[in-house]
Amino acid sequence: DMARKTKGMVMHELRSPLHGIIGLSTTLSQDESSMQKPLKMIGGSAERVLELVTNLMDYWNLADDPNQEVPQDPIDFPTLVNETLTRCEQAKDKRGRPMKKDK
């Protein structure tokens, strides 16, 4: 039906550039440089958005057929905590000043 085709097209249009961002950031972050850490963060952010888009697609499919089994994926808490701390440490205010206060 038309709604299902539209959903599929939207998901494809969202996922394709995300795969490109992930691939490029992974390739570029392999070189030792000052950009390695920001490039890895870009790739990690793109992976999270891709996961969100995939989950949204799964939700739509589940809404269409509520009898489907819902998969349970494990959560990698150490990675999640490390990424959150890194983002917090690199946060800046509107003027570009670090938000992290020295002790």
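This is a short talk through the fold of one protein chain, beginning with its overall form and then going helix by helix.

Please keep in mind throughout that what we have here is a predicted model. In the secondary structure of the protein chain we find three helices and zero strands, and reading along the sequence the pattern is α-α-α. The radius of gyration is 18 Å, well over the 13 Å that the globule rule gives for 103 residues, so the chain is more spread out than a compact globule. If you prefer to think in terms of a box along the principal axes, the C-alpha atoms fill one of roughly 55 × 30 × 30 Å.

As for burial and surface, buried residues account for 14% of the 103 residues, while the accessible surface comes to about 8700 Å², with 60% of that belonging to carbon and sulfur atoms. When we take the contacts between residues at least 6 apart in sequence, 60% of them join residues at least 24 apart. On the electrostatic side, the chain carries 15 positive and 16 negative charges, and the mean positions of these two groups lie 11 Å apart.

Let me turn to the helices themselves. Helix 1 covers residues 2-28, and its 27 residues reach 39 Å from the first C-alpha to the last, which is close to the 39 Å expected at 1.5 Å a residue. Its buried residues are Met11, Leu18, Ile22 and Ser25, and what these residues pack against is helix 2, that is, residues 36-64. As a reminder, an α-helix has 3.6 residues a turn, so residues three or four places apart point the same way.

Helix 2 has 29 residues and spans 42 Å between its first and last C-alpha atoms, again close to the expected value of 42 Å. Its buried residues are Gln36, Leu39, Met41, Gly43, Gly44, Ala46, Leu50 and Val53, and the cover over them includes both helix 1 and helix 3.

That brings me to helix 3, residues 77-90, where I would like to pick out threonine 86. Is this threonine 86 buried or exposed? Its relative accessible area is 17%, and because the cut-off for buried is under 20%, threonine 86 counts as buried. Leaving aside residues up to four places away in sequence, threonine 86 touches Lys37 and Met41, and Met41, as we saw a moment ago, is itself one of the buried residues of helix 2.

Notes. Residues are numbered from 1 along each chain as its sequence is written. This is a predicted model: local features need pLDDT of at least 70, side-chain atom pairs count only at pLDDT 80 or more; totals for chains, interfaces and linings use all residues. Side-chain values use heavy atoms; hydrogens and water are left out. Helices (H or I, at least four residues) and strands (E, at least two) are DSSP runs, numbered from the N terminus. The radius of gyration is taken over C-alpha atoms; the globule rule is 2.2 Å times the number of residues to the power 0.38. Buried means under 20% relative accessible area, exposed over 50%, partly exposed in between (1.4 Å probe, protein chains only). Contact means heavy atoms within 4.5 Å. Accessible areas come from the Shrake-Rupley method with a 1.4 Å probe; for residues, only the protein chains shown count as cover. Lys and Arg count as positive and Asp and Glu as negative; His and the chain ends are not counted. The place of a charge is taken as NZ of Lys, CZ of Arg, CG of Asp or CD of Glu. The expected span of a helix is 1.5 Å times one less than its number of residues.
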